[in-house]
Amino acid sequence: MAEQEFINCGIGAMLKVTVKDGVITRMRPLRLTEEDGGRWTIEAKGKKFSDPRKTTINPFNIAERMRIYAENRTKYPMKRKNFDPTGERHPELRGKDEYVRITWDEAYDLFVKEITRIRETYGPAAVTAFVSSHHNYGLLYYKMGPMPRFYNILGYTQLLDNPDSWEGWHWGSMHTWGWYWRFGQCDNFDMLAEAMKNTEQVIYWSVDPNTSAGGYGGQETVIWREWLRELGIPGIFIDPYCNSTAAHMADKWLAPRPGTDAALAEAIAYQWIRDDTYDHWFIENRTVHFDEWKDYILGETDGVPKSPEWAAPICDIPAHTIRAVARQWASKKSMLACGAQYGVGGACRNSYATEWASLMIHLIAMQGIGKEGVNIWAGTAHGAPLDMSFKSAGYSDVGWDVFGLVAKHPTFPDGNSVTQRVYRLLLPEAILDGHIEWRGEGFCVQYPTQQFKPMQYPEPGPNGAEIRMIHRHGGSFISTMTDTSKWVRMYQSPKLEFVVMQDCHWQSETKFGDLILPASTNFEHQDISEWAQPGGYGNGNVNCNHRILMYQQKCIEPLWESKPDYQIYCELAERLGFLEEYTEGNSEEDWIRKVFDYTDLPKYISYEEFKKKGYFVVPSLPEDYKPTVSNRWYYKGRPVDTPDRFNPLQGTDKATQMATPSGKIEFKRTILEQYFPDDEERPVMPRYIPLYEGHETKGLVEKYPLQLMTPHAKYSYHTHQDNKIPWLNDIRQHRIIKDGYPYWPFRMNPADAEARGIKDGDIVMVYNDRAKVLGVALVTERCRPGLVHSYQAGAKYDPLEPGVAESIDRGGCVNLLSHSRMTSKNAYGEANMSFLVEVSKWEA
Amino acid sequence: MKVLLIDIDKCNGCYNCQIACKDEHVANDWSPIAKPQPDTGQFWHKVTDIVQGSVPKVRVRYMHDTCQQCDEAPCITACRSAAIYKRDDGIVIIDPEKCAGNRSCLDACPYNVIYFNTDLNISQKCTMCAHLLDEGWTEPRCVDACPTGALKFGEEEELKDLLASAETLPSDTPAKPRVYYLNLPNKYFIAGAVFDPMADEVLEGVTVSLISLESKRTITLQTDFFGDFWFEKQEPGRYSLKIEKTGYVAATLEPIEASKDLNVGDIALQPQGETHV
């Protein structure tokens with residue numbers, strides 16, 4: 001058979017896939033043709049820059065072939081050997097038991113019998129199901145796809161996700177400037193041209209776009225930063241680690257201790273007040289309560305001026321450097337490219353990260369956000385000149401049933417008959433302790449106080465029930481969730497009578513299942529999507545050089561006995577008697593066709609042509625297009641004019657306002673003043689609070705003097721590629737092979753390594769009271785002293801004693817070490833960006 | 001005649017080139033150009049991180065090692081089986097059928113970019129994806145996957161303006177490589193910062209002179225807004241640094257051994273008339 005080429009998408013990066021004789025042989029970027037259109041040119045400072053005519057991808061996308069054919073694919077339905085649904089279930093053997101191969105019919109029978117028994121015995125609330133982010137790309141097959149629709153119809157305890165890459169914004173800055181429908185972060189439209197034409201420097205604060213922005217959009221924005229360099233627009237980087245972007249192009253690197261960014265922000269504000277280099281007009285007309293906060297900064301309320309001298313010993317940056325940065329910032333039109341939206345970043349995932357996030361808004365407000373060249377440009381990750389009026393569909397457009405976009409009967413928000421909820425970060429406590437309390441309904445994007453709502457599990461009254469069955473689908477939470485050992489203990493609880501793992505791979509967590517349902521990857525079925533378009537809370541955040549809608553073509557047949565997720569749920573629904581309600585009579589392709597009709601695609605291309613070609617590039621903006629730079633409307637005092645589809649103030653008499661009680665940016669978070677006036681961990685006026693576990697934590701820092709920081713990984717999207725693709729193990733920044741074993745690297749400053757007798761390449765044990773994890777020391781000047789840096793979410797959890805939660809881990813499961821304390825007492829975010837450890841050479 | 005041009009300053013270290021090479025060649029048989037590359041252990045296009053300087057003046061540059069497609073390739077003359085040949089487009093190919101596994105090419109290669117496949121008993125290396133070029137592709141996979149334009153591939157004639165300032169890797173035996181580099185990390189930066197310890201302020205506009213102790217050549221620049229100075233792309237050697245500003249006691253740092261990129265640290269410049277610390 002000759003070679004065939006298909007269009008598909010690997011965790012957000014659009015791919016051209018070559019298949020020969022039914023086997024994938026190649027993954028590569030797509031080259032756009034003349035007829036594809038979508039061209040644009042930005043003229044800046046006498047130079048012209050045009051859209052690249054090929055798409056960009058990440059190394060783990062190129063290696064997707066190895067992930068698809070990985071030896072650790074689940075391959076066949078399996079039952080845990082010592083799991084006897086009619087007798088002893090042996091939950092204590094989860095994580096170390098063997099598996100026996102069964103048929104799909106046996107698997108379905110077991111599933112139906114168990115779920116029916118559990119529902120009848122304990123009620124539907126005794127079942128929970130959840131799915132990770134991003135393991136398969138595609139609109140219909142995404143996490144809001146087949147799983148939630150299935151369970152909404154059946155009724156289940158929904159697991160509420162925490163906004164896991166934007167904690168500080170969600171719980172903090174939302175109360176400073178609104179934007180609750182985007183987790184407290186603003187939109188970023190038309191920012192690229194704005195930056196290239198009008199900005200004089202970019203402040204990259206706790207963000208590494210070369211690492212994290214690529215998740216959805218490949219490396220599309222890399223070229224933008226090359227253009228900024230070419231235009232002589234300098235970049236100042238603030239990060240404890242000399243991150244990949246900084247290492248490549250920083251003009252200045254500041255390395256504060258982890259978790260002290262808020263102190264640095266306060267000192268910068270102090271210097272601006274002292275030098276009188278802030279925008280008085282903006283403060284007076286577009287903000288409220290500045291004077292009260294100013295008094296605090298100057299030390300008039302507590303006697304402590306938040307001066308550079310005050311911040312210097314906290315951040316471990318000389319006061320003169322802090323002053324210089326403050327002055328340099330104020331003297332030039334600056335973009336604040338902080339870690340937000342899809343420039344997901346570290347400082348917003350620390351304890352008390354609410355404070356840093358709010359202070360970012362304070363700083364950019366003091367410089368007049370929305371003024372020419374001055375803005376928040378989250379991670380320099382969005383804002384090419386693209387036509388946002390073209391109607392498409394994003395997976396988060398309609399909540400927890402993406403089929404609801406086009407279904408006759410959407411199953412969200414009203415489909416699920418069970419009102420009990422459980423919170424992802426506290427799921428182990430819910431199972432192990434039988435009771436949890438928290439605040440907020442997960443992704444709280446409906447209104448600002450939605451996150452304050454007190455919640456508890458089990459739901460009081462007759463409809464609540466303790467969870468007896470878990471159905472996990474997709475990537476692994478063991479390794480991405482805080483204090484991961486808890487998840488090991490949870491799965492071994494006798495309270496869990498039935499654990500189903502529906503997964504493409506034998507991930508760390510899959511081995512805790514009683515029943516394994518082998519799912520196929522998105523290369524083994526068809527789907528429709530827009531590249532890098534989340535829709536909903538991320539609408540418009542397309543971090544690409546083109547808007548490209550894809551017919552994700554099926555490249556190969558499902559491998560081994562795996563099946564596409566939608567098919568698995570259909571076959572289960574049939575056995576449970578609600579197939580018709582689930583599918584509404586639609587085949588997989590019928591759904592795709594309906595989504596096609598829902599978008600603006602039919603105005604430009606026939607369904608057949610789209611299906612055959614596999615993609616469509618949204619045409620260029622019209623010649624007379626007037627850019628609507630984010631926040632410009634607010635600065636100018638005109639109604640909001642950006643294409644932010646979900647801004648509730650649009651078209652109302654409040655359209656010139658921020659979505660806060662005052663309609664302005666609030667230096668004092670008046671919503672917090674109303675609801676939590678005495679919360680010292682998320683005070684009414686944002687301020688630096690020493691980390692729950694950091695360099696100032698007396699009693700602990702003596703024992704564990706190093707701060708481990710754990711940002712998103714570079715060579716694996718969460719756990720999805722690591723431990724599946726041997727090629728990635730050849731990249732020393734990803735894994736280091738020692739004695740034939742691929743260890744996870746822990747980066748250390750040479751001085752810290754030397755003090756411990758550790759040399760580059762040594763096997764080390766990183767430990768604290770919670771866990772012991774082995775890895776290989778990568779001794780590097782990219783780490784400031786006192787810092788250990790390791791990417792979170794390596795996919796290998798490999799306890800020396802399998803199934804023992806306390807065991808030393810050899811795989812590099814960094815989140816075994818992190819604490820599971822929340823952002824703060826009323827902000828239920830994860831705060832595992834940094835914590836204390838010690839490192840020693842491993843001699844065993 | 002084809003050339004590959006690698007601009008080290010433009011490389012952002014994504015490793016796409018290294019991985020794309022594996023995607024093209026692992027488990028794919030492109031005979032007669034190449035047999036499959038093993039899963040791991042071979043790097044027909046290899047990236048290596050080079051960390052330069054020290055906190056907080058740190059950069060990373062990424063070195064790229066690949067077959068240099070030499071016009072006077074030592075591997076061709078060393079091969080006892082006449083298995084290695086040069087194509088009309090300049091690309092050097094090890095014929096996987098003719099290769100007898102005697103490994104002479106590995107020893108002969110001055111760049112250590114030939115690998116031995118013990119399973120197949122053949123030597124293997126970068127082919128510039130000649131099997132794709134022969135099908136009409138314009139670039140090998142490594143270049144196709146590069147997001148920054150750090151890798152460029154094309155006709156020597158078309159790229160000649162860029163090649164004018166490029167260099168090739170040195171070798172003991174003259175080999176005439178067809179792979180060119182811009183901004184090779186073979187010269188070093190000497191950087192530091194100057195501040196006034198009394199006022200606790202960085203000092204902008206300080207005159208910093210870098211004097212080669214060998215050639216006595218002097219380069220002078222002014223510190224920037226942060227009090228920083230960066231002497232870029234200096235030859236390895238011994239230097240003296242002179243730091244001067246009106247109203248301050250001039251300071252000299254010597255000798256400075258520049259055998260790698262160097263951050264000399266924060267230099268306290270004492271105001272005149274103040275007590276020296």
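These exercises walk through a predicted model with chains A and B.

**Exercise 1. Which domains make up chain A, and how do domain 2 and domain 3 of chain A meet?**

Step 1. List the domains. Domain 1 of chain A covers 78-164 + 393-523 + 557-588, domain 2 covers 190-386 and domain 3 covers 706-841.

Step 2. Take the distance between centres. Over C-alpha atoms, the centres of domain 2 and domain 3 of chain A are 28 Å apart.

Step 3. Count the contact residues. Domain 2 of chain A brings 21 residues, and domain 3 of chain A brings 21.

Step 4. Find the elements on the domain 2 side. Helix H7 (209-212), helix H10 (244-249) and helix H16 (353-366) of chain A each give two or more residues to the side that touches domain 3.

Step 5. Sort that side by class. It holds nine nonpolar, nine polar and three charged residues.

**Exercise 2. Is helix H5 of chain A enclosed or open, and what does H5(A) pack against?**

Step 1. Locate the helix. H5 of chain A runs over residues 167-177.

Step 2. Apply the cut-off. A residue is buried if 20 or more other C-beta atoms lie within 10 Å of its own.

Step 3. Count. In H5(A), 11 of the 11 residues are buried, so the helix is largely enclosed by the rest of the structure. Among them are Trp169(A), Trp171(A) and Trp177(A). His170(A) and His175(A) are also buried.

Step 4. Name the packing partners. The buried residues of H5(A) pack against two helices, H16 and H24 (670-675) of chain A. They also pack against strands S25 (665-666), S33 (822-824) and S34 (827-830) of chain A.

Step 5. Look just past the end. Gly178(A) follows H5(A), and its phi is positive, near 85 degrees.

**Exercise 3. What is the strand order in the sheet with S1, S2 and S3 of chain A, and which strands stand at the edges?**

Step 1. Read the order. This is an open sheet of three strands, ordered S1-S2-S3 (chain A), with antiparallel pairing.

Step 2. Find the edges. Strand S1 (4-10) and S3 of chain A each have a single partner strand, so one side of each lacks a neighbour in the sheet.

Step 3. Give the twist. From one strand to the next, it averages 35 degrees.

Step 4. Check one pairing. Strand S2 (residues 13-20) of chain A pairs with S3(A) in the antiparallel sense over five bridges. Within S3(A), Arg28(A) is the bridge partner of Lys16(A).

**Exercise 4. How are S22, S23 and S24 of chain A arranged?**

Step 1. Read the order. These strands form an open sheet, S22-S23-S24 (chain A), with antiparallel pairing.

Step 2. Find the edges. Strand S22 (527-530) and strand S24 (615-617) of chain A have a single partner strand each, so one side of each has no neighbour in the sheet.

Step 3. Give the angle. Neighbouring strands are turned by 10 degrees against each other on average, direction ignored.

Step 4. Check one pairing. S22(A) and strand S23 (residues 548-552) of chain A share four bridges in the antiparallel sense. Asp527(A) has Gln552(A) in S23(A) as its bridge partner.

**Exercise 5. How many residues does each chain give to the contact of chain A with chain B, and which element of chain A gives the most?**

Step 1. Count both sides. Chain A gives 43 residues and chain B gives 34.

Step 2. List the elements of chain A. Those that give two or more residues include strand S3 (23-28), helix H1 (59-62) and helix H9 (222-230). H10 and strand S12 (252-254) of chain A also belong here.

Step 3. Pick the main contributor. H15(A) gives the most, with six residues.

Step 4. Sort the chain A side by class. It divides into 19 nonpolar, 13 polar and 11 charged residues.

**Exercise 6. What is the span of chain B, and how do its two domains touch?**

Step 1. Take the span. The C-alpha trace of chain B spans about 80 × 35 × 35 Å along its principal axes.

Step 2. Compare with a globule. Chain B has a radius of gyration of 24 Å, whereas a compact globule of 277 residues would have one near 19 Å.

Step 3. Split the chain. Domain 1 of chain B is 2-182 and domain 2 is 188-268. Their centres, over C-alpha atoms, are 39 Å apart.

Step 4. Count the contacts. Four residues of domain 1 of chain B are in contact with five residues of domain 2. Strand S2 (residues 45-54) of chain B supplies the largest share of the domain 1 side, three residues.

Definitions and conventions. Residues numbered from 1 in each chain as written. Chains lettered and ligands numbered in written order. Predicted model: local features only at pLDDT ≥ 70, side-chain atom pairs only at ≥ 80, totals over all residues. Domains from an automatic or database assignment. Contact = placed C-beta atoms within 7 Å. Nonpolar A, V, L, I, M, F, W, Y, C, P; charged D, E, K, R; others polar. Pairing = 2+ DSSP bridges. Axes fitted to C-alpha atoms, helices over the stretch in contact; angles between N-to-C directions. Buried ≥ 20, exposed ≤ 12 C-beta atoms within 10 Å, placed from the backbone. Rg over C-alpha atoms; globule rule 2.2 N^0.38 Å.
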